[in-house]
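Biologist: I am new to this one. Could you show me how to read the places where its chains meet?

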4 protein chains.
Amino acid sequence: MKKVLVTYYSRTGNTAEMARMIADGLVDKGLEVILKRVEEVNMDSITEFDGFVVGSPNYFGTMAWPVKKFVDESVKFFKKLDGKAAAAFTSEGMIGGGGDLVVLDILKAFLIHGCVVQGLTSAGHFGPVAVGKPDERIGKEVAVLVEKFAALVERL
Amino acid sequence: MKKVLVTYYSRTGNTAEMARMIADGLVDKGLEVILKRVEEVNMDSITEFDGFVVGSPNYFGTMAWPVKKFVDESVKFFKKLDGKAAAAFTSEGMIGGGGDLVVLDILKAFLIHGCVVQGLTSAGHFGPVAVGKPDERIGKEVAVLVEKFAALVERL
Amino acid sequence: MKKVLVTYYSRTGNTAEMARMIADGLVDKGLEVILKRVEEVNMDSITEFDGFVVGSPNYFGTMAWPVKKFVDESVKFFKKLDGKAAAAFTSEGMIGGGGDLVVLDILKAFLIHGCVVQGLTSAGHFGPVAVGKPDERIGKEVAVLVEKFAALVERL
Amino acid sequence: MKKVLVTYYSRTGNTAEMARMIADGLVDKGLEVILKRVEEVNMDSITEFDGFVVGSPNYFGTMAWPVKKFVDESVKFFKKLDGKAAAAFTSEGMIGGGGDLVVLDILKAFLIHGCVVQGLTSAGHFGPVAVGKPDERIGKEVAVLVEKFAALVERL
């Protein structure tokens with residue numbers, strides 16, 4: 001059984017809600033899923049996972065610093081995550097706030113780890129971008145991400 | 001009197017409408033404004049301008065090719081636009097489509113020209129991003145851009 | 001036999017040379033490779049490919065307009081490239097010229113097409129970035145890209 | 001007398017050395033300069049400055065987390081830095097490591113603050129990118145940044 005880490009930082013609860021939706025969806029697809037706040041991830045466990053789904057609120061057009069701290073500390077396992085799958089999502093306060101930049105910055109970090117990422121043709125192109133509390137649009141986007149990501153993890 | 005070029009590519013008319021709104025606003029601020037489609041700009045005239053406002057629909061997360069052609073051909077005046085003001089705007093079909101990336105890619109090109117850009121604290125952070133036909137939200141964002149850009153052109 | 005398109009724009013010949021190195025490497029890995037300038041690609045053939053490797057010189061921090069034109073016209077096959085592999089490379093005149101941005105902008109476009117991309121841990125993180133004429137460093141980077149990309153195409 | 005904050009994070013000392021070079025240059029241009037590690041900046045003092053020059057090593061293609069923490073905490077003064085000048089620089093281990101992305105991510109954050117930034121036509125386009133220990137090339141790039149930034153601060 002493939003094993004996936006869904007991890008996130010959240011202050012208002014919006015990014016946390018997206019993380020739960022994604023984790024629930026991936027469990028339904030038959031994956032083993034660990035859902036944790038970034039502050040609580042045991043870094044020494046990360047090489048056990050076949051894939052990573054990482055979420056952050058949009059703070060100044062990129063990931064919040066606790067997510068960046070998690071990413072920076074993962075350097076301990078540089079070259080050990082090569083070929084694993086990665087995906088990202090974000091939540092922001094307004095349209096035009098740069099949410100796509102946050103998603104891309106997270107993906108960029110996992111590409112540097114040698115991970116594999118896939119774009120989405122029928123949702124936020126790089127990953128779901130919630131504006132405020134996750135709504136019906138986000139429900140659909142999460143469903144697309146879950147389906148594509150579960151398939152990618154299985155194929156790799 | 002400071003002179004500004006507002007130029008854009010548009011197929012559906014949405015980006016063209018934003019361009020007209022911006023040009024009208026800048027005229028109201030007392031600037032001399034030339035409004036032209038990118039295909040019709042006389043490249044040899046670009047050093048006459050004190051500022052540039054450039055718009056493109058979001059095509060694959062960056063500017064449409066006719067806008068890129070305009071940018072590429074402006075290399076003829078590399079180092080001659082140094083210190084002039086620049087701003088950007090975009091129009092896209094859906095939230096999460098990456099509109100901020102388009103705006104940033106246009107700004108990136110003008111930064112390479114040595115231009116000066118300013119972010120916006122009460123609108124799309126890097127420039128207006130319309131979702132479909134420009135609506136009331138875009139009217140407000142354009143007003144913010146116009147005010148900030150006109151002031152920047154005057155100060156430089 | 002998996003089939004890959006290696007396509008590029010080149011004016012000075014540096015990007016063309018990288019394209020040939022990549023195409024040769026992929027042939028050695030047992031793939032069927034079509035190598036063409038972007039201006040000469042028959043767009044109606046692109047759904048036949050299992051993967052795309054796209055190169056551009058760095059013009060103003062993103063791809064040259066003929067490459068963007070190729071990308072824009074590929075919208076005709078939007079949703080038809082879903083799940084295929086993509087990679088990118090660039091050539092620029094100087095260190096700090098923004099070559100990584102060019103590679104990422106090309107990858108961004110193929111992510112919007114639903115393609116799958118992989119980062120590199122022992123080369124330019126997103127794809128090879130030549131500074132001037134491709135040198136020994138680029139030879140090594142191309143070898144890394146070829147190995148990872150051929151394996152990715154086979155796995156998908 | 002205009003007052004500028006030069007702040008940075010550094011572990012190996014390379015980014016710190018760039019910060020000192022920039023601070024020295026700005027003092028020579030007649031500006032009052034405060035040079036501090038990001039961890040030591042008194043956030044309540046930041047509205048006193050007319051400009052910010054921020055440096056970070058390249059960690060996973062964006063700023064190191066202590067720099068992001070500094071940026072995130074500056075939200076306390078959102079809209080209070082509007083119209084001030086900003087610039088950025090980075091240090092990385094290898095060519096093609098994505099240093100331009102780090103510089104742009106820092107600039108993006110200050111654009112969101114409403115700051116004004118200028119590109120450079122005769123240096124790393126968005127700001128100096130050192131590869132390893134700052135060398136003669138970086139000395140020249142720092143000189144270009146210092147001259148442009150000092151002039152921008154005076155004009156705004």
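Modeller: We will go through the pairs of chains, one feature at a time. This is a predicted model, in which local features need pLDDT of at least 70, side-chain atom pairs count only at pLDDT 80 or more, and totals for chains, interfaces and linings use all residues. Residues are numbered from 1 along each chain as its sequence is written, chains are lettered from A and ligands numbered from 1 in the order in which they are written, and side-chain values use heavy atoms, with hydrogens and water left out.

Biologist: Thanks! What rotation superposes chain D on chain B?

Modeller: Copies are superposed by least squares on the C-alpha atoms of residues with pLDDT of at least 70 in both. Here a rotation of 180°, with 0.0 Å of shift along its axis, brings chain D onto chain B at an RMSD of 0.0 Å. The two copies are thus related as by a two-fold rotation axis. V117(D) has the C-alpha of chain D that lies nearest the axis, 2.7 Å from it.

Biologist: How many residues does each of these chains bring to the contact?

Modeller: Contact means heavy atoms within 4.5 Å. By that rule, chain D and chain B bring 24 residues each. Of the interface residues of chain D, 100% are also interface residues in chain B, so the copies meet through the same surface.

Biologist: And how is the size of such an interface given?

Modeller: Often as the accessible area lost when the parts come together. Buried area is taken with a 1.4 Å probe and summed over both parts. Between chain D and chain B it is about 2000 Å², with 65% given by carbon and sulfur atoms. L111(D), T121(D) and R155(D) supply 27% of the area that chain D buries there, more than any other three residues.

Biologist: How many salt bridges are there between chain D and chain B?

Modeller: A salt bridge is a side-chain nitrogen of Lys or Arg within 4 Å of a carboxyl oxygen of Asp or Glu. There are two between these chains. One of them joins K148(D) to D82(B), at 2.4 Å from N to O.

Biologist: Which elements of chain D supply residues to the side that touches chain B?

Modeller: Helices (H or I, at least four residues) and strands (E, at least two) are DSSP runs, numbered from the N terminus. In chain D, α3 (99-112), β6 (116-118) and α4 (136-155) each supply at least two residues of that side. The largest share, four residues, comes from α3(D).

Biologist: Which way do the β6 strands of chain B and chain D run, parallel or antiparallel?

Modeller: Two strands pair if DSSP finds at least two bridges between them. Here three bridges join β6 of chain B to β6(D), and the strands run antiparallel. Within β6(D), V116(D) is the bridge partner of Q118(B).

Biologist: Now for the other pair: what superposes chain A on chain C?

Modeller: A rotation of 180° with 0.0 Å of shift along its axis does so, at an RMSD of 0.0 Å. In chain A, the C-alpha nearest the axis belongs to V117(A), 2.7 Å away.

Biologist: What does the contact between chain A and chain C contain?

Modeller: Each chain gives 24 residues, and the buried area is about 2000 Å². Two salt bridges are counted between chain A and chain C, including D82(A) with K148(C), whose closest N and O atoms are 2.5 Å apart. Three bridges also join β6(A) to β6 of chain C, and these strands run antiparallel.

Notes
Buried area = accessible area lost by both parts, 1.4 Å probe.
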